Amino acid sequence: MLMKAENAMNEADPARVLASVDEGTPVSVKIRERIAAARKRFHANDNIADFIRPGELEALLDEVTGKMEGVLSSLVIDTENDHNTADTARRVAKMYVNEVFKGRYVHPPAITEFPNAEHLNELMIVGPITVRSACSHHFCPVIGKVWIGVMPNERTNVIGLSKYARIAEWIMNRPQIQEEAVIQLADLIQDKTQPDGLAIVMEASHFCMAWRGVKDMDSKMINSVMRGAFLKDANLRREFLALIPRS
Ligand SMILES: [Zn+2]
């Protein structure tokens, strides 16, 4: 009987066999294989949108839902009888994939750059931009503010004010480390606008310190990136820091 079954398998249409094997492969595995083939990184704060095909994000949501069900089950929570947690796995999966970690899975916001027609060469400050993220270590919220200082020159591209907030949202909607988040933000703004100088200050509350751990409610983390003119010119740096109204 066994021999017969094996023969039947061997005689099956190879394309169909391949398709069924592929169907059984979790979508996360397919995406990881593409990333590995391209020799790219997929750390928590990396964007992997280039490796996700149309429709796969929905499949990924289903896969994360299933895994979250497993987490709830291992936490010994009776999701079958507890009406409060019946749909929690799905809700959390949606929150991760479509909201708080969305910046990993979607392409960057469309930004139109304009030439600096007015030859603006004065310090420009954007902020405070409210930023929401989660720490890579605990997946606890990180909520704070960002100020961006731009020192343009005649070759600098100008982007709309609201675009700074869009870029920041895309970078922050990932599990982040504050020190790396500000560098990613600076790299992207630098690339888009080519300013003479760029300064970013971020101040944030880390809920992994307030909700758990040391349970310190008031501590905040402040860090900055200074580039170009802000690095060379101490007066410009002082002017920027004096103008941002931190409370
Ligand atoms: Zn943390």
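Start by selecting residues 56–74, which make up helix H4 (helices are DSSP runs of H or I, at least four residues, numbered from the N terminus): at 1.5 Å a residue its 19 residues should span 27 Å, and the end C-alpha atoms are indeed 27 Å apart. That expected span is 1.5 Å times one less than the number of residues.

A word on what you're looking at: this is a predicted model, where local features need pLDDT of at least 70, side-chain atom pairs count only at pLDDT 80 or more, and totals for chains, interfaces and linings use all residues. Residues are numbered from 1 along each chain as its sequence is written.

Now show Leu 60, Val 64 and Met 68, which are buried in H4 (20 or more other C-beta atoms within 10 Å of the residue's own; exposed is 12 or fewer, partly exposed is in between, with C-beta atoms placed from the backbone). Looking down the axis of H4, the buried residues fall within an arc of 75°, so they line one face of the helix. The arc is taken from the directions from the helix axis to the C-beta atoms.

What do they pack against? Bring up helix H3 (27–37) and helix H5 (88–100). Flip to the other side of H4 for Glu 58 and Gly 70, both exposed. Just after H4, click Val 76: its phi is positive, near 55°.

Next, the sheet: 5 strands (E runs of at least two residues) form an open, mixed sheet in the order E5-E2-E3-E6-E7. E5 (175–176) and E7 (221–228) are at the edges with a single partner strand each, so one side of each has no neighbour in the sheet.

Finish on E6 (residues 197–206), which pairs antiparallel with E7 over 8 bridges (pairing takes at least two DSSP bridges). Select Gly 197 and you'll find its bridge partner, Gly 228, in E7.

Technical notes:
Two residues are in contact if their C-beta atoms, placed from the backbone, lie within 7 Å.
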